[in-house]
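Me: I'd like a close look at one part of this protein, starting from a single buried spot and then moving on to its surroundings. Could you walk me through it in plain words, as you would at the bench?

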Amino acid sequence: MGKKRKDREWLDYVVITVAMILGSIGLGLFLLPNHIPMGGVGGIASILYWGFDVPVSASYLILNILLLMIALRILGWRFCAKTIYAVTVFSVSLSVVEQLSAGSTLLSDQPFMAVVVGAFFLGCSSGLGLSVNASTGGSDTVAAMVHKYYDLSLGHIILLCDMVIVTSSYLVLRDWEKVIFGYVLLFIMSLFVDKVVNMMRRSVQFCIITEEYEEMAHAINEQAERGCTIFEGKGAHTGEDVRMLFVLARQKESAMIFNIINEIDPEAFVSQSAVIGVYGRGFDPFKRKRVRKQ
């Protein structure tokens, strides 16, 4: 494993840690105390807590272990390893938040604001986790399994899975107003999930015209670990032969590529543009479509 890949793995676990802490704050401070139902395993754990006084952190951990046993064969050990870490951090963080906030309820007189703030924390938590190939468990894991084969919105998949769980919360809350707040929570969460995932996975395209194309291509290959394609061309005004490097990279890698360009050829002509999606080796995999038999 190269140094860059090792650094990326460590960064992934840092992102997961921050994401799970954010999610535990959203659930422990804004949703549970205000009896706002949510989806996924967290929603099921909340129902068990409200109905049977089962600790949320314990039931959340147990239910996710059962779900991950199924996901292991579909998503692979790397996804499940990160998800196990994420679930563990979330459970521990939630336990700490519950102890620190015992007896206090934030925004108790403003339930809609509690929904919005809780959705922000949980949506960012799920989106950050999914962007580094991990999950907070529950519907996130189900969404990741479906998304592996079908190019569907992660937020929409989670939304559909969670509708059933939120509706079932009426069995213990006996309050349709709370259930409606739960629906609003799911909708806002789905927006945050897609926004965060798209932001973290955004890619960019570079077109670089330089006389030092060989040295620059080698540096991009070695330092940024991105491939380059060299195109031959001719300047319309000067009539001179030119070489252009075509590079696709993640947006977060842009600064490194610009540094390489500046070090090798500060006079290079460079254009950068955002791309909607990049599929293939080093980027997102193609989604397999189900072929309907005739």
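Reply: Happy to. Let's start with D12, which counts as buried because its relative accessible area is 10%, under the 20% cut-off. Please keep in mind that this is a predicted model. D12 sits in helix α1, and beyond its close neighbours in sequence it touches K82 and V132.

K82 leads us on to another residue. N133 and K82 are 51 residues apart in sequence, but their C-alpha atoms are 7.5 Å apart in space. N133 belongs to the loop between α4 and α5, the latter covering residues 139-149. With a relative accessible area of 36%, N133 is partly exposed, whereas D12 is buried.

Helix α1, where D12 sits, also takes part in the largest nonpolar core. Residues 3-31 make up α1, and the other elements giving two or more residues to that core are α2 (40-52), α3 (56-100), α4 (111-131) and α8 (176-200). The core holds 32 residues, and those touching the most other members are M20, L27, L31 and L185. The biggest giver is α3, with seven residues.

L27 shows what such a position looks like up close. Leaving aside residues up to four places away in sequence, L27 is in contact with L32, P33, M38, S46, V56, F90, L94 and L122.

A short detour takes us to the loop between α2 and α3, the place of D53. Its backbone is worth a look in your viewer: D53 has a positive phi, near 60°, though D53 is not a glycine. At 59% relative accessibility, D53 counts as exposed.

Now for the other nonpolar cluster. A second, separate core has 15 residues, among them V204, A217, A219 and L245. To place these residues, it helps to trace the sheet.

The sheet is open and has four strands in the order β2-β3-β1-β4, paired antiparallel. β2 (228-234) and β4 (269-275) are the edge strands, each pairing on one side only. On average, neighbouring strands are turned by 20° against each other, direction ignored.

β3, which covers residues 241-250, is joined to β2 by seven bridges. Across this pairing, I230 stands opposite L245, and F231 stands opposite M244. L245 is also one of the residues of the second core. β2 and β3 form a hairpin with six residues between them, and in its turn G239 has a positive phi of about 75°. β3 is also joined to β1 by seven bridges, again antiparallel. In that pairing, Q205 stands opposite L248.

Two helices lie against this sheet. Helix α9 (residues 213-224) lies across β1 (203-209), β2 and β3, and runs at about 10° to β3. Helix α10 (residues 254-264) packs on the sheet too, touching β1, β3 and β4, with its direction at about 10° to that of β1.

Following the chain out of α9 brings you to E225, in the loop between α9 and β2. E225 is another non-glycine residue with a positive phi, here about 55°. Its relative accessibility of 39% makes E225 partly exposed.

Let's finish at a pocket that draws on this part of the chain. The second largest pocket has a volume of about 220 Å³. Its lining is made up of I209, T210, E211, E240, D241, V242, R243, D265, E267, A268 and F269. β3 gives the most to this lining, with three residues.

If you want to retrace the route, begin at D12 and its contacts K82 and V132, move to L27 in the 32-residue core, then cross to L245 in the second core, and end at the pocket, where β3 gives three lining residues.

Key. Residues are numbered from 1 along each chain as its sequence is written. This is a predicted model: local features need pLDDT of at least 70, side-chain atom pairs count only at pLDDT 80 or more; totals for chains, interfaces and linings use all residues. Side-chain values use heavy atoms; hydrogens and water are left out. Two strands pair if DSSP finds at least two bridges between them. Axes are lines fitted to C-alpha atoms, for helices over the stretch in contact, and angles run from 0 to 180 degrees between N-to-C directions. Contact means heavy atoms within 4.5 Å. A nonpolar core is a set of buried Ala, Val, Leu, Ile, Met, Phe, Trp, Tyr and Cys residues joined through side-chain atoms within 4.5 Å. Buried means under 20% relative accessible area, exposed over 50%, partly exposed in between (1.4 Å probe, protein chains only). On a 1 Å grid over the protein atoms alone, a cavity is a set of points where a 1.4 Å probe fits but cannot get out, and a pocket is an open set with protein on both sides within 12 Å along at least five of seven lines; lining residues have an atom within 4 Å of a point. Grid points are joined across faces, edges and corners, and a volume is the space filled by probe spheres set on the points.
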